[in-house]
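Hi,

Here is the structure I promised to pass on. Have a look at it first, and my notes follow underneath.

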Amino acid sequence: MAGIRFENVTKIFHQEETRKSVVAVNNLNLEIPDGRFTVLLGPSGCGKTTTLRLIAGLEIPERGDIYIGDRRVTRTHPKERNIAMVFQDYALYPHMNVYNNLAFGLRNLRFPKREIEERVREVAKMLQIEELLERTPRELSGGQRQRVALGRAIVRHPEVYLMDEPLSNLDAKLRAEVRIELLELQRKLGTTTVYVTHDQVEAMTLGDIIVVMNNGIIQQIGKARDLYERPANIFVARFIGSPPMNLIKATIIRQDGLKVKIDDTLLDIPKEKCENLESYIDKEVILGIRPEDIKDAIILGKDKYIISTVDVIEYLGAEVLVHFHINSDKIVARLDSEVEIGKDRKWRAYFDTKKIQFFDPITENSIA
Amino acid sequence: MDKKINIRSIDWEKIQTEKFIRTKRLRNIFTITAYIILTTWAIVSLLPMYWMFVCSFKHIGVSFSIEDIEFYPSNPTNENYINFLQLDAPPWISKRPVGRWFLNSLLIALLPTISNLIFDSMAGYALAKMRFPMKQAIFWAIVMTMMIPEIVILIPLYRMMFDFKWYNTYWALLFPGFAGVGGIFLFKQSIESLPTSIIEAARVDAASEPKIFFKIVLPLSKPILSVMGVFGFIGGWNSYFWPYLVTESNKLYTIQVGLTSLMGAGGGAGVTGTLTFGIDEYGQMLAGASMAAIPVIIIFFLLQKYIIQGITIGALKG
């Protein structure tokens with residue numbers, strides 16, 4: 001087992017036809033801890049897959065260095081890195097049966113025949129694919145192929161597992177099942193795992209550590225809870241959570257201490273946040289609040305609320321999503337099924353100010 | 001005047017049936033016409049072959065002219081075959097090396113085909129899946145050479161064989177066919193359609209580049225390999241002009257060149273040191289041609305599937 005370290009790594013793709021260059025990974029500095037499940041999360045084109053491929057050795061960076069454990073592997077061939085990878089399309093060898101798919105890597109590493117057999121059987125048992133060993137990938141279902149792809153990685157006992165959106169080709173039900181299995185498997189094996197996904201639910205449930213990326217740059221590194229409760233910038237605030245965090249234009253003013261003014265309503269700011277907001281007095285900020293932190297003021301009996309106009313109510317069974325707007329900002333509130341809305345579609349929204357965040361409108365970074 | 005039609009009185013079922021019969025009849029007419037055209041075409045194509053086989057069993061001296069056409073020999077004989085192979089020729093006559101001709105044809109059908117499969121697939125793989133500078137430029141340079149008609153390069157190539165001192169050797173016969181642009185192009189197109197992730201998976205699975213090529217890429221390219229193999233073999237076996245151009249000694253003749261050399265002094269290549277044929281000895285030549293056609297016919301029947309595939313590959317990807 002080994003951790004992975006990126007030092008000032010930059011990867012640029014040159015497109016021969018258009019003669020354009022795209023910076024896929026921009027001066028990346030990252031430490032992936034040993035034995036943990038790290039998820040690289042971001043929208044498509046954010047550089048997460050390139051980062052994974054850099055670890056695998058399928059891409060060579062233009063600048064910087066990559067270390068696996070203490071070994072510098074920046075320019076070494078994938079076979080010298082002792083890693084195993086699960087591809088999005090599984091990339092099973094279509095002309096080989098499952099047994100040979102699993103054994104291929106071990107044969108390349110010149111393992112003795114008996115050990116290959118032992119390891120393949122062991123992994124097949126672990127993943128419950130023993131009865132499939134003689135079949136070719138074409139004769140397997142999507143879920144079975146996924147297991148074989150996983151088995152092909154496990155059988156090698158590598159230092160690092162790399163997984164490139166391995167669940168994205170499964171249907172929703174199977175995905176949820178395999179997600180849990182994957183987590184149990186990683187806990188059992190304790191091998192460093194780097195997992196790429198654009199699905200924040202997958203990232204939150206799987207990742208010990210989540211690395212959010214955008215435009216080839218790391219936006220935030222942290223545990224799921226940190227990212228959710230204390231997003232480092234507007235990008236992370238928007239990307240994590242479904243529905244995402246509401247972002248509302250507001251002004252900080254001084255009136256019996258600091259207050260935040262939304263529309264014409266003044267809301268208190270928790271004391272611990274005041275210090276950082278001193279320099280923003282009489283300036284515009286972006287206020288962030290999660291949908292579940294907006295509540296019905298009448299039901300709670302609160303007297304500080306914002307009167308808003310409801311656009312749509314989505315009924316989801318256990319909860320309702322109330323879509324409303326304040327000036328031009330569209331806002332969603334996640335409420336229990338009970339909600340009281342007037343005939344004129346006016347709704348009194350209570351903001352739980354202990355949970356609010358503030359962002360700088362220009363740098364988009366979190367300020368308090 | 002009011003004219004009322006009683007809808008109930010219309011026999012809808014009858015109308016439907018008639019319509020159905022009409023369409024079916026039309027479709028039948030179309031099918032029959034297609035069959036007539038194709039059958040005629042097949043007969044016209046097969047007739048020369050059939051005529052060749054029939055005439056190879058005719059007696060020496062029988063007229064081969066179109067007026068005396070016979071669709072089956074009235075009195076078949078195998079003497080043309082015996083004479084062609086000179087089975088009963090006296091030992092002091094230096095014989096035609098017919099066996100050698102067949103061997104040479106086999107060589108020119110097999111060796112360049114095998115080498116083409118190896119080199120074209122390697123080049124195709126490199127162009128399809130590897131990353132290296134100037135890749136596009138190299139590919140286009142290769143493709144551009146496809147625009148040059150073969151006949152144009154024949155003379156320079158012939159001169160080259162002289163300069164290499166390869167004229168009238170097996171090198172001249174075989175070497176120019178060892179790699180082909182068309183093959184590279186077809187392999188590139190075919191290998192491009194393999195998912196890159198499979199190759200990358202093998203790379204991560206600690207496979208060396210040659211191993212990836214031989215254990216992953218080639219086995220997955222079986223269809224194109226078969227097609228190229230079959231076409232290469234048939235093309236090589238039937239090749240005539242190049243072997244005729246670069247060989248002088250009859251020991252280097254392929255069966256096709258050998259056969260035309262039988263046409264006598266007035267016909268194809270003069271065969272020195274062996275018997276030459278007058279116009280009357282067409283029978284022997286047809287016997288030889290019938291024998292020469294057998295391998296191609298066998299290959300065609302065995303590998304029909306791949307030949308048809310080859311035609312469609314050209315149609316889809318060419």
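Below is what turned up, starting with the cores in chain A and moving on to the domains of chain B. Keep in mind that this is a predicted model.

First, the cores. The largest nonpolar core has 51 residues, and the members that touch the most others are A:Ile4, A:Phe6, A:Leu162 and A:Val194. A:Phe6 is a good one to click on: skipping neighbours within four places in sequence, its contacts are A:Leu28, A:Asn29, A:Leu30, A:Thr51, A:Leu54, A:Ile55, A:Asp65 and A:Ile66. There is also a second, separate core, this one with 46 residues, among them A:Val98, A:Leu133, A:Ala149 and A:Phe235. As background, nonpolar side chains tend to be buried together in soluble globular proteins.

Now for chain B. It splits into domain 1, covering 7-83, and domain 2, covering 98-317. Where they meet, domain 1 of chain B puts in 10 residues and domain 2 of chain B puts in 11.

What do these two domains of chain B bury between them? About 950 Å², with 78% of it on carbon and sulfur atoms. On the polar side, the count of salt bridges between domain 1 and domain 2 of chain B is zero, and the number of residue pairs in polar contact across that interface is also zero, taking pairs with both residues at pLDDT 80 or more.

On the domain 1 side of that interface, the elements giving two or more residues are helix 1 (12-55) and helix 2 (79-84) of chain B. Helix 1 of chain B supplies the largest share there, five residues.

Cheers

Terms used: Residues numbered from 1 in each chain as written. Chains lettered and ligands numbered in written order. Predicted model: local features only at pLDDT ≥ 70, side-chain atom pairs only at ≥ 80, totals over all residues. Heavy atoms only, no water. Core = buried A, V, L, I, M, F, W, Y, C linked by side-chain atoms within 4.5 Å. Buried < 20%, exposed > 50% of the residue type's maximum accessible area, 1.4 Å probe, protein only. Contact = heavy atoms within 4.5 Å. Domains from an automatic or database assignment. Buried area = accessible area lost by both parts, 1.4 Å probe. Salt bridge = Lys/Arg side-chain N within 4 Å of Asp/Glu carboxyl O. Polar contact = N/O pair within 3.5 Å; in protein donor to acceptor, adjacent residues only side chain to side chain. Helix = DSSP H or I, 4+ residues; strand = E, 2+ residues; numbered from the N terminus.
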